Protein chains: 2
Amino acid sequence: MKKYISVLKRTQLFSGVGEDEILSMLSCLTAKTGSYKKGQYILHQGEYSGNIFVLVEGKVHIQRDDYWGNRSILGQISVGEMFGESYVAPESGALLNDVVAVEDSVVMMFDVKRILTTCSSACRFHSLLIQNVFFAISEKNKKLVQKLDHMSKRTTREKLMSYLSEESKRQNNSKIAIPFNRQQLADFLAVDRSAMSNELCKMRNEGLIEFKKNLFTLL
Amino acid sequence: MKKYISVLKRTQLFSGVGEDEILSMLSCLTAKTGSYKKGQYILHQGEYSGNIFVLVEGKVHIQRDDYWGNRSILGQISVGEMFGESYVAPESGALLNDVVAVEDSVVMMFDVKRILTTCSSACRFHSLLIQNVFFAISEKNKKLVQKLDHMSKRTTREKLMSYLSEESKRQNNSKIAIPFNRQQLADFLAVDRSAMSNELCKMRNEGLIEFKKNLFTLL
DNA sequence: ACCTTTTCGTTGTAAAAACAACAGACTTGT
DNA sequence: ACAAGTCTGTTGTTTTTACAACGAAAAGGT
């Protein structure tokens, strides 16, 4: 557990909290860790969960497969980011998505009740933690709104441009690395891979973008 | 302000708090009210806001118009629901959407800082309030995920079925009233209105659904 | 270094959506 | 009750997407 303290220190969740405090909070919050091999499911659609998860190693996808095997990727979680926070309310029901490790991953789980109920013991930073969770969840919220923004575009090209521009804005660079391969990007934007691939090449021919593998440049 | 206490009492935000307590909390939170005529903008895309809003009268849409006038409706807020909560984090930046009154509306605004910072005075229920905000925001999160679920469907028919089934599940009834007219529903699902109208009628002819105005029945 | 598997681009065809234009039904205000 | 405006369904055309199939390039394992 201790080896991940330095990772936690840099997360939005524990922002402003020192390493020593984090260590004591972890026991107070009865945090648990879990390791998952590439491809393993961390959470299954339909399950119930009252935990907030923080990824401390690896990379995971929040996704969903329908009856016919069509996959839809809701989002990608990198080290330091949080997931599972949409289901912490008492009546929020079953998970709507699977959470899958796309690389060997380690997650940390926190019982929500423990987070929200200020403890009597040494956690001087508990109220700060609550605030951090709050901000983290509202940022997540904003991310979802941004994704909806891409998805509400009518054409594949518009979806691509919307996604790439936002990513460029976020990374503050016209050269960006995206965390998806082509199939994953297609599943993320809810379009057909081959049609998307085709559209990307057209855009390149028209001088709008350049790309090589998952490295894109906006022109 | 007092006339809306009974409305607030029934919101998720003030769940578990009595009317008397709400009244004292309102001043402690320095809550403000605002009235808007049908069609008026409550918030503008690009603005900054550190407030959480609760609708206490009327009906508003969270939406966005692009350069070419294409409208996209992110969501609809009914009396008792909250909005603006995605932008409360210190670094969350400008609003991505407009908020527009689709009926004469009254909103209540709360400064986030006031909510998160436990006050010294009489607010015995303050920590409960924080918990409530937390749950409310995570529910909102889930709503967005559900909307993404509809939008990730490839065909108009699938989007419609996804939306209508969820609504039916939520209202626990196969007969449902939707809060949109045709154009609004199309803007909500990001499809063309006439194509959608067409699809709805095909679905009716095939015996999948029945509808009259904004009343739908799943068969 | 070789074989296997995955990823990516390409093409053609079929299906679906967008777009535009219009008529009838229904609302709203006066 | 009437006129003006809005909402909804309908149709035909154009554009875009999905789907399927394939070969080349790249990646990964032994």
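Let me start at the DNA. On the surface near DNA strand C, the largest share comes from α7(A), with 5 residues. Keep in mind that this is a predicted model.

So who else is at strand C? Both α7 of chain A and α7 of chain B supply at least two residues each to the surface near that strand. There are 16 residues around DNA strand C. The nearest are R182(A), S197(A), N198(A), F211(A) and T156(B). On the DNA side, sugar and phosphate make up 64% of the strand C atoms that come within 4 Å of the protein. By class, the surface near DNA strand C has 4 nonpolar, 7 polar and 5 charged residues.

Now some individual contacts on strand C. Take R182(A). A polar backbone atom of R182(A) sits 2.8 Å from a phosphate oxygen of DNA strand C. Next, the bases. R193(A) puts a polar side-chain atom 3.0 Å from a base oxygen of DNA strand C. From the other chain, S194(B) has a side-chain N or O atom 3.2 Å from a base nitrogen of DNA strand C.

On to the other strand. Which residues come nearest to DNA strand D? They are T155(A), T156(A), R182(B), S197(B) and N198(B), out of 17 residues around the strand. Of the strand D atoms within 4 Å of the protein, 63% belong to sugar or phosphate, and the rest belong to bases. The surface near DNA strand D divides into 4 nonpolar, 7 polar and 6 charged residues.

Three side chains are worth finding on your screen. R182(B) has a polar side-chain atom 2.8 Å from a phosphate oxygen of DNA strand D. S197(B) also places a polar side-chain atom 2.8 Å from a phosphate oxygen of DNA strand D. R193(B) goes to a base: a polar side-chain atom there lies 3.1 Å from a base oxygen of DNA strand D. Which elements give two or more residues to the surface near DNA strand D? α7 of chain A and α7 of chain B, each spanning 193–205. The most comes from α7(B), with 5 residues.

Let's stay with α7 of chain B and look at charge pairs. Over all chains, the structure holds 19 salt bridges. One of them joins the side chains of R157(B) and E199(B), at 2.8 Å from N to O. R157(B) is in helix α5 of chain B, residues 156–171, and E199(B) is in helix α7 of chain B. The two are 42 residues apart, and the pair links distant parts of the chain.

Is E199(B) buried or exposed? E199(B) is buried, because its relative accessible area is 15% and the cut-off for buried is under 20%. R157(B), at 21%, counts as partly exposed.

E199(B) has another partner. Its side chain meets that of K202(B) in a salt bridge of 4.0 Å, N to O. Both residues lie in helix α7 of chain B, 3 residues apart, about one turn of the helix. K202(B) is partly exposed, with 40% relative accessible area. Over in chain A, salt bridges with shared partners join R157(A), E199(A), K202(A) and E206(A) into one network.

One more residue in helix α7 of chain B: C201(B). At 27% relative accessibility, C201(B) counts as partly exposed. C201(B) and F211(B) are 10 residues apart in sequence, and their C-alphas are 9.0 Å apart in space.

Next, a salt bridge elsewhere in chain A. The side chains of D104(A) and K37(A) meet at 3.8 Å, N to O. D104(A) is in the loop between β7 and β8 of chain A, and K37(A) is in the loop between β1 and β2 of chain A, so the pair ties together parts that are 67 residues apart in sequence. D104(A) is partly exposed, at 42% relative accessibility. K37(A) is exposed, at 55%.

Last, the layout of chain A. The domain assignment gives domain 1, 2–144, and domain 2, 153–218. The C-alpha centres of these two domains of chain A lie 28 Å apart. Their contact takes 8 residues from domain 1 of chain A and 5 residues from domain 2 of chain A.

Conventions:
Residues are numbered from 1 along each chain as its sequence is written. Chains are lettered from A and ligands numbered from 1 in the order in which they are written. This is a predicted model: local features need pLDDT of at least 70, side-chain atom pairs count only at pLDDT 80 or more; totals for chains, interfaces and linings use all residues. Side-chain values use heavy atoms; hydrogens and water are left out. A residue is near a molecule or strand if one of its heavy atoms lies within 4 Å of it. A polar contact is a pair of N or O atoms within 3.5 Å; within protein, one must be able to donate a hydrogen and the other to accept it, and residues adjacent in sequence count only if both atoms are side-chain atoms. Helices (H or I, at least four residues) and strands (E, at least two) are DSSP runs, numbered from the N terminus. Ala, Val, Leu, Ile, Met, Phe, Trp, Tyr, Cys and Pro count as nonpolar, Asp, Glu, Lys and Arg as charged, and the others, Gly among them, as polar. Buried means under 20% relative accessible area, exposed over 50%, partly exposed in between (1.4 Å probe, protein chains only). Domain bounds come from an automatic or database domain assignment. Contact means heavy atoms within 4.5 Å.
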